[in-house]
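Biologist: Could you walk me through one part of this model up close? I'd like to see how a single helix sits against whatever surrounds it.

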Amino acid sequence: MSKNLFSRYIWIIDTIRRHGTITREELNRLWIKSAYSDGNPLPRRTFYSYRTAIEELFKISIECNPSTFEYSINDGGNVHAGNVTDWMLNTASMSNTLTDARDIADRIFLEDVPSARQHLSSVIEAMKECRTMHFGYSPYSRTGAPKGVVLEPYFLKIFRLRWYVTGRNVRENVIKTYALDRMSQVSLMADTFVIPPDFDAEAYFRDAFGIVFSQGEAKKVTIRTDPRQAKYFRALPLHHSQSEMIHDHYSIFTYYLRLTPDFVQELLSYGPSVTVLAPAELRAMMITSLQESLDNYEQLQ
C-alpha cells in the first residue's frame with residue numbers, strides 16, 4: 001500500500017470522527033481543501049472503495065444514516081476497541097507526520113520502544129490464534145541464562161513506552177506479566193488455549209497504577225500538590241480514578257488503587273511537589289523509601 005493511499009484513509013477516518021456525523025457533500029468539500037485532493041472532488045466510487053478498505057484494514061465501520069444521509073463511525077459500543085483504534089490512528093498519523101519531516105530529522109528526538117520492534121508481532125499473532133508461546137525471559141532481578149517460559153497470552157499493555165504481555169504461566173499455573181524487551185527466542189507452539197470466561201482483562205489492572213499487580217484491595221489515596229504540579233496532573237492524570245479539590249494554594253487529588261512499588265516510585269519522582277496524606281500505609285512506604293535513600297548518601301560522608 002502506498003504511503004499516500006494510507007494517508008488518505010487516515011484523513012477520512014479522522015475527519016468523520018472529529019465531526020461525529022457528516023454528509024457526503026460536507027466531506028467532499030473538506031476533501032477538496034485537503035492536501036490529498038489536488039483540488040479535485042472525491043469521486044463517489046473512490047469513496048466507497050476507500051470505505052471498504054478502511055473497514056478491512058482498521059476494523060472500523062463507516063455507516064450512513066438513510067434518513068439524513070450522514071456518515072458516522074460505528075465502533076459497536078466497545079469503548080476499549082475504540083481506545084485501541086484511537087491509539088492506532090494517532091500512531092499512524094504521527095508516523096506520516098514524521099516521515100514528512102525527514103529533512104529536519106537531526107532536530108527531532110524520540111524515545112526508542114525496542115519491545116514493539118522485536119516481539120510485538122509474534123505476541124499479537126499468538127493472541128489472535130490463541131496459541132501458547134515459548135520464550136526465554138531475563139528479568140532485571142535475575143542473572144545467568146534466560147528462564148524458559150510457556151505462556152498463554154491473554155492481553156497486551158503498553159506502559160511508559162514498554163510493551164507487556166499478561167497471561168497464564170502454564171508451568172506455574174498463575175497469571176503473570178512479562179516485558180517484551182526482556183524476552184528472547186520467542187516461538188509459537190502448536191498448543192491452543194481458551195481464556196477462562198470469568199477472567200476480565202479490563203478489571204485485572206483497573207485498580208493498578210502501572211503493570212505491577214497486587215492481590216491487595218484498592219485503597220483511597222489522597223495526595224496534596226502545589227499549584228504547578230496540579231496543572232500537570234490535570235493534563236495527564238495518574239490514574240483513571242483521579243478527582244481533584246482545588247484550594248487557594250494547593251490541590252488535593254484522590255485516587256482508588258492498589259498500593260504497589262511502581263506507584264510509590266512514581267510519587268517519589270515528584271519530590272516535594274507531592275505529599276501523601278492518606279492512607280497511613282502509603283505514607284509509611286514513602287517514608288521508608290526516602291529514609292533508605294538518605295541512608296545511602298549518609299554512608300558516603
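Modeller: Let's take helix α8 and then its surroundings.

A word on the ground rules: this is a predicted model, so local features need pLDDT of at least 70 and side-chain atom pairs count only at pLDDT 80 or more, while totals for chains, interfaces and linings use all residues. Residues are numbered from 1 along each chain as its sequence is written, and side-chain values use heavy atoms, with hydrogens and water left out.

Helix α8 covers residues 227-235; helices here are DSSP runs of H or I, at least four residues, and strands are runs of E, at least two, numbered from the N terminus. In α8, Q229, A230 and F233 are buried, meaning under 20% relative accessible area, with exposed being over 50% and partly exposed in between (1.4 Å probe, protein chains only). Seen down the axis, those buried residues fall within an arc of 105°, so they line one face of α8; the arc is that of the directions from the helix axis to the C-beta atoms. On the other side of α8, R228, K231 and A235 are exposed.

What does the buried face pack against? The buried residues of α8 pack against β9 (219-225), β10 (243-246), β11 (251-257) and β12 (274-278). Now look at I223: leaving aside its neighbours within four places in sequence, I223 is in contact (heavy atoms within 4.5 Å) with residues including F233, L238, I252, F253, L267 and V276.

I223 is also one of the residues with the most contacts inside the largest nonpolar core, which has 35 residues. Such a core is a set of buried Ala, Val, Leu, Ile, Met, Phe, Trp, Tyr and Cys residues joined through side-chain atoms within 4.5 Å.
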